[in-house]
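Good morning, everyone, and thank you for making the time. Before I say anything, please take a moment to look at the chain on the screen.

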Amino acid sequence: MAATVALADRGRMSAAPNPNVGCLILNNGRVVGRGWTQPGGRPHAEAVALDQAGSAARGATAYVTLEPCAHESPRGSCCADLLIGAGVAHVVIGTRDPDPRTDGAGIARLRAAGIEVREGVGAAQARAIMAPWWTRATAARSFVTLKLATSLDGRIAMADRSSRWITGERARAHAHLERARHEAILVGRGTLTADAPRLDVRLAGLEHHSPRKYLLTSGMAPDGWTAVSRPEDSMNEVNSLLVEGGAGAAAAFLAADRVDRLLLYRAPILIGAGRAALGDIGLADLAEAHGRWRLMDSHMLGSDRLDVYERVSKG
């Protein structure tokens, strides 16, 4: 299943609005088919893997990160029927599909056809790899990543707002990769006015993955931008949103408890009397600040450090 999850990650930047699913087909211990959700959501991972496997799929075991779909679509046959038609003998599933059109129906259809099904194998990893889609499917909102690039003392700019550049080239390149992995990107009105950011992806080969541009504002947005009045209303039409600036927008999303993932880039510099990374996030008691974030990754990007945190579920 770990290999299947890795396949699912290949579709993360392009599968929307569908989930980025991975599928691996083995026959007698040999991989005969690999697939992941293709750009725009079709073909599905199972269809790609079965096409590659051909007749070798008969009697094989299919590993899939998400329950095979069971609902009909004008864009193609449902994956449960494709697996049945290919003669697959076993299906191992990471997690059940929360879409009410399939939820459990795909598994039931496979079992009714005599296929042995195991579900819940690597469920946490399967859900994590498609966290943006999963959040929108289960919570009716976008999965939000907040990016902060600061000095060691938590400043994002000099007192006069000048900030070019706080982090180095490798950290900035990584930030552009993160842009490419999100459907939408958001800044506040102050950042738009002060910096006129392009918010595009400037990495060779990934330029076409530049995200849609959103502006947190109580007024109108410029041409090419979409206005969002408050974090609670934001972007339930996209799976993933990257909040990139500035302190007011970051604080607003944190205060509204709308941040799922935090990217903290820190440069080995001290600024002193500069501009703080965050405004007021509505914290009434210091005790409330503890236990909200879990460190998931930490590594160096040149001389800068990147720490990746995920919000701790209240459940």
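Let me begin with a single residue: does isoleucine 115 count as buried or exposed, judged by its relative accessibility? Please keep in mind, as we go, that what we are looking at is a predicted model. Isoleucine 115 has a relative accessibility of 6%, and because buried means under 20%, isoleucine 115 counts as buried. This residue is found in a loop, the one between α4, residues 105–112, and β5, residues 116–119. If we leave aside the neighbours within four places in sequence, isoleucine 115 is in contact with Leu83, Ile84, Val88, Ala89, His90, Val91 and Leu110. Glycine 59 is 56 residues away along the chain, and its C-alpha atom is separated from that of isoleucine 115 by 9.7 Å.

Let me turn now to helix α1, which covers residues 2–9, and whose buried residues are Thr4, Val5, Leu7 and Ala8. Seen down the axis of α1, these buried residues fall within an arc of 155 degrees, so they line one face of the helix. In general, an α-helix has 3.6 residues a turn, so residues three or four places apart point the same way. And what do the buried residues of α1 pack against? Their partners are three strands, β1 (22–27), β2 (30–36) and β3 (61–66), together with one helix, α5 (123–129).

Helix α1 also holds aspartate 9, which forms a salt bridge with arginine 181, the closest N and O atoms being 3.4 Å apart. Arginine 181 lies in the loop between α7 (169–180) and β8 (184–188), so the pair ties together parts that are 172 residues apart in sequence. Both ends of this bridge are partly exposed, aspartate 9 with a relative accessible area of 28% and arginine 181 at 23% relative accessibility.

That bridge belongs to a wider set, for the structure holds 14 salt bridges, and I would like to spend a little time on aspartate 260. The side chain of aspartate 260 meets that of arginine 141 in a salt bridge of 2.8 Å, N to O. This pair links distant parts of the chain, 119 residues apart, with aspartate 260 in the loop between α9 (247–255) and β12 (261–266), and arginine 141 in the loop between α6 (131–139) and β6 (143–150). Aspartate 260 is buried, and so is arginine 141; for aspartate 260, the relative accessible area is 9%.

Aspartate 260 has another partner in arginine 311, where the closest N and O atoms are 2.9 Å apart. Here, too, distant parts of the chain are linked, as arginine 311 sits in strand β15, residues 304–311, and is 51 residues from aspartate 260. Arginine 311, at 24% relative accessibility, counts as partly exposed. Taken together, Arg141, Asp257, Asp260 and Arg311 are linked in a network of salt bridges.

Finally, strand β15 brings us to an open sheet of eight strands, whose order is β10-β9-β8-β11-β6-β12-β15-β14, with mixed pairing. Its edge strands, each of which pairs on one side only, are β10 (225–228) and β14 (293–301). The twist from one strand to the next averages 25 degrees. At the β10 end, β9, residues 212–216, pairs with β10 in the parallel sense over four bridges, and tyrosine 214 stands opposite threonine 226 in β10.

Technical notes: Residues numbered from 1 in each chain as written. Predicted model: local features only at pLDDT ≥ 70, side-chain atom pairs only at ≥ 80, totals over all residues. Heavy atoms only, no water. Buried < 20%, exposed > 50% of the residue type's maximum accessible area, 1.4 Å probe, protein only. Helix = DSSP H or I, 4+ residues; strand = E, 2+ residues; numbered from the N terminus. Arc of directions from axis to C-beta. Contact = heavy atoms within 4.5 Å. Pairing = 2+ DSSP bridges. Axes fitted to C-alpha atoms, helices over the stretch in contact; angles between N-to-C directions. Salt bridge = Lys/Arg side-chain N within 4 Å of Asp/Glu carboxyl O.
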